[in-house]
Amino acid sequence: MYDYNMLTPGPSKVRKNVLEARAIQAGNSDLDPEFYDFYKRTCAKYSHFLNTANPSFLLSGEGILGLEAACASLTEPGDRVLVLDNGIFGRGFADFVRIYGGEPVLFSTDPHAPIAPEALRAFLKKDADFRYATLVHCDTPSGVLNDIHALCPILKEYGILTVVDSVSGMFGNPVDARHAKIDILLGGSQKALSCPTGLTMVTVSQDAFRRMEARKTPIASFYANLLALRDYYEKQWFPYTMPACDIHGFARALDNVLEEPGIFARHARVAAGVREALVAGGLSLYLKDGFSNTVTVFRVPQGLTDTDILSALLRDHKILLAGAFDVLAHKVIRIGHMGEAANDEDMLAALTALSDVLPKLGFALKGDMVQTYRYSAMR
Ligand SMILES: *Cc1c(COP(=O)(O)O)cnc(C)c1O
């Protein structure tokens, strides 16, 4: 058991009823017809939450498995794949495309703002010869939220399949997979759903399955082959044994979400309050625009280091925030307010701790962050 307050952009906190739901004797998930029914029912409930009739699948593996499975299943050697890039995860899709023999073509835009739909449209007018496109809903290291509901339909107009990573976006920001025309939608258990790490959720359109069936070359993976999962229910067969306890926890966490109609409003309110508070304190938000409701990212003030700030928060206040990695390493600090952590008590604790630590390290606050949060988010 950890003894700090975990306010990171994944993994996130887990409610007790989810922990309890996992602690069961699960039976034989390969042989028990009831498990197949339970799995199908749970996946259908999840698809319904995302407003799509497309089937969903729960894969045993962390979110990255979903990203890889989408690329493994869709990419054939030589395929051109459009990689929408305004952040580290966005750009990262190029690696998966390359691993499976594809040729990634990057469409890179300002990392401080969401991808502009008009810019994508202008790009596609010149070149739209792509097998599929990848994009990220919330690019977690910067917290930028892309308008997938505007971007994906543009790609589909050009006949390009869409792969969307909403691992850290969904459950904190609305996703309507039908209106967005998403072909493969990816989620992860440990972000705003507030489950332990270990499952990735993959929702697949008929267009995407048709593309997989039409391949000239076999999918170059066993574990990441989405086509192998498609008919599990008819065949009463999974390609590998499903982690039943994880899926029971997932089902409970999903019910927690469904029992809270105001879940998006809660995330929006808390996120806006945190941003206002940080700005009032004189801190500088990384983004100009396009803030996700699941994470807030601010720059490390000049003269201070992320390591000093993060370790003082942990040592003196038992608050765990996160730095970032890749091109953002040491440049920013991230406050996760996703799922169970998106609440006033935790945000007040984080802001109180920052209000203590930053001045001690030499940064003079411009205003009262805690009071600002109270006025902004708790009226
Ligand atoms: C968390 C996350 C994943 C999964 O990646 P890890 O680095 O293994 O946590 C994938 N995509 C996004 C956008 C994420 O936030």
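## Lys 156 and its partner

Let's start with Lys 156, which is partly exposed at 21% relative accessibility. In this predicted model, Lys 156 pairs with Asp 183 in a salt bridge whose closest N and O atoms are 2.9 Å apart. The two residues come from distant parts of the chain, 27 residues apart: Lys 156 belongs to helix 6, while Asp 183 lies in the loop between helix 7 (177-180) and strand 9 (184-188).

Is Asp 183 buried or exposed? With a relative accessibility of 2%, Asp 183 counts as buried. Lys 156, at 21%, falls in the partly exposed class because buried means under 20% relative accessible area.

The pair is also part of a wider arrangement. A network of salt bridges links Lys 156 and Asp 183 with Asp 207 and Arg 210.

## A bridge between two helices

Which residue does Glu 157 meet in a salt bridge? The partner is Arg 121, and the closest N and O atoms of this pair are 3.0 Å apart. Here, too, distant parts of the chain are joined: Glu 157 is in helix 6 (residues 148-157) and Arg 121 is in helix 5 (residues 117-126), with their positions 36 residues apart in the numbering.

As for their surroundings, Glu 157 is exposed, having a relative accessible area of 53%. Arg 121 is partly exposed, with a relative accessibility of 30%.

## Neighbours in sequence, and the total

Asp 231 and Arg 230 form a salt bridge as well, with 3.4 Å between the closest N and O atoms. Both ends are partly exposed: Asp 231 has a relative accessibility of 24%, and Arg 230 has 25%.

How many salt bridges does the structure hold? The count is 24, and the pairs described here are among them, including Asp 231 with Arg 230.

## Cysteines without disulfides

How many disulfides does a search of the whole structure find? The search finds zero. Two cysteines help to show why, since a disulfide needs a pair of cysteine sulfur atoms within 2.5 Å.

Take Cys 43: the closest cysteine sulfur is that of Cys 195, and at 13 Å it is too far for a bond. Cys 43 is buried, with a relative accessible area of 3%. For Cys 152, the closest cysteine sulfur is in Cys 71, 14 Å away, again too far for a bond. Cys 152 counts as buried too, at 0% relative accessibility.

Methods: Residues numbered from 1 in each chain as written. Predicted model: local features only at pLDDT ≥ 70, side-chain atom pairs only at ≥ 80, totals over all residues. Heavy atoms only, no water. Salt bridge = Lys/Arg side-chain N within 4 Å of Asp/Glu carboxyl O. Helix = DSSP H or I, 4+ residues; strand = E, 2+ residues; numbered from the N terminus. Buried < 20%, exposed > 50% of the residue type's maximum accessible area, 1.4 Å probe, protein only.
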